[in-house]
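I opened this notebook to keep a record of what I looked up in one chain, step by step. The entries follow the order in which I went through them.

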Amino acid sequence: MNIETTSRDFFEQKYLKNADPWSFASSSYEQCRYDAIFRSLNHRRYRHGFEPGCSIGLLTERLASVCQYVDAMDISPTAVRYARERCRGLLNVDIECGALPDLIPIGSFDLVVLSEIGYYFDEEELERLAKNILSQMSISGVLVATHWLGVSEDHLLSGERVHEILGSLQGLVHEHAEHHAGFRLDRWKRI
């Protein structure tokens, strides 16, 4: 049976087979990526962060240290269970099970982190989703995107293409870019 690589079943099967299917907790690549995300935040505090595609909550846990409140979500119920367990003592974190674009938390975000999820949408879906998220960002809110630059048959877009689409959106000013071995990071500000 062939499962669509953007479906809930696809991701749920990954987490049922392996509690950390992309080695977020143990990979030096992932730790480097998380560190780059935090450096890009400029030691700033944020009122309301949003992290779609939170997986097992490693980045969510770190975002809780710089955000007054974090909304996180993942499409896989098993991943959400792991993320909630990891963040159980963090009263400023809410983790829900759901998929973009159907579930975007209510509120105004001053930080949105798109980490390794943009390439699971086609171009039109990503542009529409990004515009919806942008409409819920406060003026001067920060959008950080980081994506792997390799090739995967699971991805609908390349990491480079994801960042090109995000960078073409009206209402964002590009503030920062980094290219690392294997991934790209960009930061924009809402105007």
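**Entry 1: a helix and its buried side.** Before reading burial I fixed the cut-off: a residue counts as buried when its relative accessible area is under 20%. With that in hand, and bearing in mind that this is a predicted model, I went through helix α2 and found E30, R33, Y34, A36, I37, F38 and S40 to be buried. I then asked which elements the buried residues of α2 pack against. The list I obtained holds one helix, α3 (58-63), together with the strands β4 (109-115), β5 (137-148), β6 (172-179) and β7 (183-190).

**Entry 2: the length and the ends of α2.** I checked the span of α2, which runs over residues 28-40. At 1.5 Å a residue its 13 residues should span 18 Å, and since the end C-alpha atoms are 18 Å apart, the model agrees with the expected value. At the start of the helix, I noted that a side-chain oxygen of S27 comes to within 3.1 Å of the backbone nitrogen of Y29. Beyond the other end, α2 is followed by N42, for which I read a positive phi, near 60 degrees.

**Entry 3: salt bridges.** How many salt bridges does the count come to? I obtained twelve, and I looked at some of them in turn.

One of them pairs R62 with D35, with the closest N and O atoms 3.1 Å apart. R62 belongs to helix α3 and D35 to helix α2, so this pair ties together parts that are 27 residues apart in sequence. I also looked up the accessibility of both partners: R62, at 27% relative accessibility, counts as partly exposed, and D35 is likewise partly exposed, at 33%.

For the salt bridge between E85 and R88, I noted 2.5 Å between the closest N and O atoms. Here E85 is partly exposed at 45% relative accessibility, whereas R88 reaches 61% and therefore counts as exposed.

A further salt bridge joins the side chains of R161 and E164, at 3.0 Å from N to O. I wanted to know why these two are separated by about one helical turn; the reason is that they stand three residues apart in helix α6, which covers residues 159-167. As a reminder to myself, an α-helix has 3.6 residues a turn, so residues three or four places apart point the same way. R161 is partly exposed at 28% relative accessibility, and E164 is partly exposed at 42%. Elsewhere, salt bridges that share partners join E30, R33 and E116 into one network; of these, E30 and R33 had already come up among the buried residues of α2.

**Entry 4: S115 in strand β4.** I next looked up S115, which is found in strand β4. Is S115 buried or exposed? At 7% relative accessibility it counts as buried. Its side chain makes a polar contact, at 2.6 Å, with the side chain of R33. Leaving aside residues up to four places away in sequence, I found that S115 touches R33, I37, L59 and T146.

**Entry 5: R187 in strand β7.** R187 has its place in strand β7, and at 8% relative accessibility it counts as buried. What does the side chain of R187 reach at 2.6 Å? I found the backbone oxygen of S40 there, and S40 is among the buried residues of α2. With residues up to four places away in sequence not counted, R187 touches S40, N42, V142, L143, V144, V173, H174, E175 and H176.

**Entry 6: the chain as a whole.** I closed with the overall figures. The chain has six helices and seven strands, which follow one another along the sequence as α-α-β-α-β-α-β-β-α-β-α-β-β. Its radius of gyration is 15 Å, close to the 16 Å that the globule rule gives for 191 residues, so the chain is as compact as a globular protein of that length. The C-alpha atoms fill a box of roughly 45 × 35 × 30 Å along the principal axes. Buried residues make up 51% of the 191 residues. Among the contacts with a separation of 6 or more, 65% are accounted for by residues 24 or more positions apart. For the accessible surface I noted about 9200 Å², of which 49% belongs to carbon and sulfur atoms.

Methods. Residues numbered from 1 in each chain as written. Predicted model: local features only at pLDDT ≥ 70, side-chain atom pairs only at ≥ 80, totals over all residues. Heavy atoms only, no water. Helix = DSSP H or I, 4+ residues; strand = E, 2+ residues; numbered from the N terminus. Expected span 1.5 Å × (residues − 1). Buried < 20%, exposed > 50% of the residue type's maximum accessible area, 1.4 Å probe, protein only. Contact = heavy atoms within 4.5 Å. Polar contact = N/O pair within 3.5 Å; in protein donor to acceptor, adjacent residues only side chain to side chain. Salt bridge = Lys/Arg side-chain N within 4 Å of Asp/Glu carboxyl O. Rg over C-alpha atoms; globule rule 2.2 N^0.38 Å. Areas by Shrake-Rupley, 256 points an atom, 1.4 Å probe, with all protein chains shown as cover.
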